[in-house]
Amino acid sequence: MLGSLTAEILVWQVSLSALWLVLISRLEPLEVFAGLGCALLGAVAAVAARRAVSGW
């Protein structure tokens with residue numbers, strides 16, 4: 001159960017981080033870290049929303 005949760009968050013994290021990197025105009029360390037942090041929050045929210053809707 002915990003392994004699938006971690007894998008799902010990781011997939012969302014990678015997907016959202018890749019989208020962030022495509023959309024930003026410059027690649028500075030602060031921009032990358034901000035994007036990774038926002039992607040992690042978005043990933044956790046997406047997993048929580050999906051599990052709430054599906055009844056997990």
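Q: Which residues is Leu 40 in contact with, leaving aside its neighbours within four places in sequence?
A: In this predicted model, Leu 40 is in contact with Ile 9 and Gln 13 once those sequence neighbours are set aside. Contact here calls for heavy atoms within 4.5 Å. Leu 40 itself sits in helix α2. For a sense of spacing, its C-alpha atom is 8.5 Å from that of Leu 10, 30 residues away along the chain.

Q: Why does Leu 40 count as buried, partly exposed or exposed?
A: Its relative accessibility is 42%. Buried would need a value under 20% and exposed one over 50%, so Leu 40 lands in between and counts as partly exposed.

Q: What about Leu 5: how do you know whether it is buried, partly exposed or exposed?
A: Run the same check. Leu 5 has a relative accessible area of 28%, and since the partly exposed class spans the range between 20% and 50%, that's where Leu 5 goes. This leucine belongs to helix α1.

Q: Which residues does Leu 5 touch, not counting those up to four places away in sequence?
A: Val 47 and Arg 51. With Val 47, the C-alpha separation is 8.0 Å, although 42 residues of chain lie between the two positions.

Q: And Ala 34: why is it called what it's called?
A: Ala 34 comes out at a relative accessible area of 38%. That value is neither under 20% nor over 50%, so Ala 34 is partly exposed. You'll find Ala 34 in helix α2, which covers residues 29-54. Between Ala 34 and Trp 20 there are 9.7 Å, C-alpha to C-alpha, for a sequence gap of 14 residues.

Q: What makes α1 parallel, antiparallel, perpendicular or oblique to α2?
A: The axes of α1 (residues 2-23) and α2 come within 8 Å and cross at roughly 135°. Roughly antiparallel would take an angle over 145 degrees, and roughly perpendicular runs from 65 to 115, so α1 is oblique to α2. The crossing is right-handed. Sorted by class, their contact has 14 nonpolar, 5 polar and 4 charged residues.

Q: How do you know how the radius of gyration of the protein compares with that of a compact globule?
A: Set the two values side by side. For 56 residues, a compact globule would have a radius of gyration near 10 Å, whereas the protein has 13 Å. The C-alpha atoms fill a box of roughly 40 × 20 × 15 Å along the principal axes.

Q: What makes up the protein, in helices and strands, and how much of it is buried?
A: It has 2 helices and 0 strands. Of its 56 residues, 18% count as buried, which means a relative accessible area under 20% for those residues. Among contacts with a separation of 6 or more, 67% come from residues 24 or more positions apart.

Notes. Residues are numbered from 1 along each chain as its sequence is written. This is a predicted model: local features need pLDDT of at least 70, side-chain atom pairs count only at pLDDT 80 or more; totals for chains, interfaces and linings use all residues. Side-chain values use heavy atoms; hydrogens and water are left out. Helices (H or I, at least four residues) and strands (E, at least two) are DSSP runs, numbered from the N terminus. Buried means under 20% relative accessible area, exposed over 50%, partly exposed in between (1.4 Å probe, protein chains only). Axes are lines fitted to C-alpha atoms, for helices over the stretch in contact, and angles run from 0 to 180 degrees between N-to-C directions. Angles under 35 degrees count as roughly parallel, over 145 as roughly antiparallel, 65 to 115 as roughly perpendicular and the rest as oblique. A crossing is left-handed if the near helix is turned anticlockwise from the far one by less than a right angle, and right-handed if clockwise. Ala, Val, Leu, Ile, Met, Phe, Trp, Tyr, Cys and Pro count as nonpolar, Asp, Glu, Lys and Arg as charged, and the others, Gly among them, as polar. The radius of gyration is taken over C-alpha atoms; the globule rule is 2.2 Å times the number of residues to the power 0.38.
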